[in-house]
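The following dialogue is for a reader who meets this structure for the first time. A learner asks how to read its features, and a teacher replies.

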Amino acid sequence: MKIDSQTERRIIFIVLFIAVMLPLIFPIGWTSEVSPHVQMTYDMVDNTPEGSVVLLSFDYDPSTATELQPMAISLIEHAWKNNQRVIATALWPMGVKMADAAFQELLLKYPSKESGVDFVNLGYKTGGMVTIQAMGRDMKSVFPTDTKTIPYEDIPLLKTVRSLKDIQFVISLSAGDPGIKQWIMGAHDMFGVKVAGGTTAVSAPGFLPYINSQNQLYGLLGGLKAASEYEQLLGIVGPATVKMDSQSVAHVLILVFIAIGNVKAYKKRNSKKEGK
Amino acid sequence: MPNTESFFYMKTNRILYSIILLSLLNVCKMNAVHDTMVLDVPWDNGTALSIKIDYEPMWKHVILEKADSSGVFVPLSVFFEGQTEYIDSDVLANAKQIYRISAYTSDRKDSLIVVKGGVATEQWFYMGKLSMLILLVLICTAIMYFISLARRGKALFIRRINGLDSMDEAVGRATEKGKPILFIPGIGDLDDIQTIASLSILSHLAQRSAEYNTDIIVPCKYSMVMSAAREVVKEAYLKVGKPDAYKEQNIFYLTDDQFGYVAGIDGIMLREQPAANFFMGSFFAESLILAETGFSTGAIQTAGTAQAHQLPFFIVSCDYTLIGEELFAASAYLSNDPQQIGSLKGHDFGKVMLIVLTIAGVIFEILGLHGFKNFFTVG
Amino acid sequence: MKRTIPLLITFIVGLIVISSEFIPHRPFSMINSTLENWYLSISGFAIVLGLLSLVQVNSSKVYHKAENWQYSLASLVSLVVIVIFGVLWGMEDQRGILGNGEAISAFIGKKPFDYLFDNGITPLSSTMFSLLAFFIASAAYRAFIIRSFESNLLMITAVIVILGRTSFGPMLTSWLPKSLSFLHLPNLTDFILTYPSSAAQRAILMSASLGIIGSSLRIIIGLERSYLGSDE
């Protein structure tokens, strides 16, 4: 029986769908080993003194929330555990809502944390790289108010923050442009601020060259696996850990598809030779 | 009635003794805080001062305050254990700034206050960027030299780039099929040089499509890109003498949302079935979704990006892929302008220079001579 | 004239921006930040331009009943509804012109804007992104075919990296003795990603950067002007 390429694609899609669904319904419980770049990010947050002000940039939208939102939640939780104060900004319009969602979820677990004192959401600003450069000079001119329209100077957390240089580290959770690259070029290269990043698994290899002797990136979280590793380091079973089984099964299935594709190509080559 | 003179004498003596005692005490304490310096951060725009404190571990709480415009000290930072330096990056250039450092022991029974001042001055050069400037000057000089060579009529060879050679063929095929061409300028805004490079390619494609009377559809993620793309296509139609054939509604804004944009483009691919798709510019996680949907419609696909991590996806699903610098060379290559082609030779000089520097760097590091590497470390 | 002024602006601004990268002294530092503010202002206004284009293109399709006009209508209705909800009752902590819409919030659990965002935009966007998993599977099925020595190498590397990035992979090689720990799948994966893969990416990045320098120089000196719509 000959199957055309469109039908083949559909078969692949259906089998993959089943393979992803099953572990979500019947979890396997595989654990991951912590990779060095995740450990680096964890250490950076862990070694930052109590009371420091840190910045998380939400440079993504709901589409990539599956991979990036668990990272955001883990990173804020880690910072709060260490009594660090978190500023949220967004270079993507919908990042504002993602930051709000992350804070709201964590406030259920940490009800004592107070808006304006332990965390603040400064919202979205267009301009990408230019915005970061402007933040490096004067934060207040870029974000005159937070998302609740409270003036910058009335927010207790921001009393000692005049520019990016007053921030201990920046972590950009980014699904594209503007994102990690702009933070490296703007915050690290121009103002010497520590920068780490979190991105989707498909984009992660592109940022590896920035983990170098010049510490352009202090750590990198790549995809759901990294998010689950971070949860593991924090000792929590979060959304990423739950979804990792599905991802692992899907990876193995892709390997099976590659094997089938090769068998098919081998048979095709043989039949061509016989035809000659 | 007490003797006023002796009373005054006694009082003065007490104050004097107190001052001497306090001074002695402070001298002892100053030994505990070895040195406090307020220094101008060198080679900058005069907006930063470095406050350096060398103190004994007995001082557990070190608080730094800064005098505001009315002379009142306001808290600036609390030194954590082991911290010896604080950079205040919020000072006015060429104006004196006063700082007060208060140190306390852990039981808060003993304390010490030091007041120091400093002036931040503007410099005329970022010394840390000297290596960057030298490299930039060398590369730019090489590019200008090759441009002048080309101007003087010297024929310069550049290798063929299949992805660019095939563009006319793709437009031709779209014309034969009576289908439009789809051009995606990436998901970067107009401040991304990849988007600018993609608009240069769009200019060439729009001219061809105008000549062949084939529609060109350009959905944009940013409205600034849309405005620029409209201008580029309009001029291209004008240039080939067909301004009436230009359709402004074919170059439109879709959405700022990354995957909303992808959904919109996928819809266009499936409904309009373009015969040729061009993905040029900055792409991220959406690259494979776009390229695979295009592949399923059977269109000729050409992609070009400098995002190294998305190149594998394009190579798998597209017929031709421009890798990294090829995207930036496209405009010069397509224009056939000897001067622009000359500038491409300048890139080659840059490449040779980088290879030589890399090899030299490796050798110096192996020999344990770190000066070479340090010189090229921008900071 | 139409071309000369933009080219002149590009030349002057280009020189100022490059100079300010190396000269921290005024006026360079100030001009640069002023230019940044201008860009921020202009890009803010550009959103209006995009909105106008969206309304213009889609309403024209609906008005002329062009092919697939229903999609344009859905697009316009979505746009109007979300803008109205946002303006009337605001979002999250922000008030709208009619206040916080407590009555509606009590009924649907959230403000209308937030309700649409969480239950409309979020699942739709996630669905689009999740397509990636399916496309990666079908692309891998086509791409990793052994044809030559190079494709063989590519496939072996892919298998190692794919396995190394799963929770399942480490279990396969966890029995290896410590002396052979470099063959442990996650370690091999990290090695491939950190060294050969990063080295290749750095090379592409460096050559692309040279391309950027060349392109920028051509644009600044006015040799390259096709981005303005004409190469004459």
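Q: In which sense does α3(A) pass α4(A)?
A: The crossing of α3(A) over α4(A) is right-handed. This is a predicted model, and the description that follows is to be read in that light. The axes of the two helices, α3(A) and α4(A), come within 10 Å and cross at roughly 50°. That angle makes α3(A) oblique to α4(A).

Q: Which residues make the contact between α3(A) and α4(A)?
A: From α3(A) the contact takes A:Ala65, A:Gln69, A:Ala72, A:Ile73, A:Ile76, A:Glu77 and A:Trp80. From α4(A) it takes A:Met98, A:Ala102, A:Phe103, A:Glu105 and A:Leu106.

Q: How should one read the pairing of strands in chain A?
A: Strands of a sheet pair through backbone hydrogen bonds, either parallel or antiparallel. In chain A, 6 strands form an open sheet in the order β3-β2-β1-β4-β5-β6, and the pairing is parallel. The edge strands are β3 and β6 (220-222) of chain A, each of which pairs on one side only. Neighbouring strands of this sheet are turned against each other by 15° on average, direction ignored.

Q: Over how many bridges does β1(A) pair with β2(A), and which residues stand opposite each other?
A: Strand β1 (residues 53-59) of chain A pairs with β2(A) in the parallel sense over 5 bridges. A:Leu55 stands opposite A:Ile87 in β2(A). The chain passes from β1(A) through helix α3 (residues 65-81) of chain A to β2(A), and this β-α-β crossover is right-handed. Another bridge joins A:Val53 to its partner A:Arg85 in β2(A).

Q: What is found on the side of β2(A) where β3(A) pairs?
A: β2(A) pairs with strand β3 (residues 119-124) of chain A in the parallel sense, over 5 bridges. The bridge partner of A:Thr89 in β3(A) is A:Gly123. Here the chain crosses from β2(A) through helix α4 (residues 95-109) of chain A to β3(A), and this β-α-β crossover is right-handed.

Q: Are the residues of β2(A) buried or exposed?
A: In a regular strand the side chains alternate between the two faces of the sheet. For strand β2 (residues 85-90) of chain A, both faces are covered. A:Arg85, A:Ile87 and A:Thr89 are buried on one side, and A:Val86, A:Ala88 and A:Ala90 are buried on the other. With 6 of its 6 residues buried, β2(A) is largely enclosed by the rest of the structure.

Q: Which strands of chain A does α3(A) lie across?
A: α3(A) lies across β1, β2, β4 (169-174), β5 (194-199) and β6 of chain A, and runs at about 170° to β1(A). Helix α7 (residues 180-191) of chain A also packs on the sheet, where it touches β1, β4 and β5 of chain A. The direction of α7(A) makes about 175° with that of β5(A).

Q: How many residues does each chain give to the contact between chain A and chain C?
A: The contact takes 44 residues from chain C and 46 residues from chain A. On the side of chain C that touches chain A, α2 (28-63), α5 (112-143), α6 (149-164) and α8 (185-220) of chain C each supply at least two residues. α5(C) gives the most to that side, with 16 residues.

Q: At what angle does α5(C) pack with α9(A)?
A: Helix α9 (residues 239-275) of chain A and α5(C) pack at an angle of about 30°, with their axes 7 Å apart. This makes α9(A) roughly parallel to α5(C). α9(A) passes α5(C) in a right-handed crossing. In α9(A), A:Ala250, A:Ile254, A:Phe257, A:Ile258 and A:Gly261 meet residues of α5(C), including C:Ala133, C:Ile136 and C:Tyr141.

Q: In what order do the strands of the open sheet in chain B lie?
A: The 4 strands have the order β4-β3-β6-β7 (chain B), with antiparallel pairing. β4 (73-79) and β7 (111-119) of chain B stand at the edges with a single partner strand each, so one side of each is left without a neighbour in the sheet. The twist averages 25° from one strand to the next. Strand β3 (residues 59-67) of chain B pairs with β4(B) in the antiparallel sense over 6 bridges, and B:Ile63 stands opposite B:Val78 in β4(B).

How values were computed:
Residues numbered from 1 in each chain as written. Chains lettered and ligands numbered in written order. Predicted model: local features only at pLDDT ≥ 70, side-chain atom pairs only at ≥ 80, totals over all residues. Buried ≥ 20, exposed ≤ 12 C-beta atoms within 10 Å, placed from the backbone. Pairing = 2+ DSSP bridges. Right-handed = clockwise from strand over helix to strand, strands pointing away. Axes fitted to C-alpha atoms, helices over the stretch in contact; angles between N-to-C directions. Parallel < 35°, antiparallel > 145°, perpendicular 65-115°, else oblique. Left-handed = near helix turned anticlockwise from the far one by under 90°. Contact = placed C-beta atoms within 7 Å.
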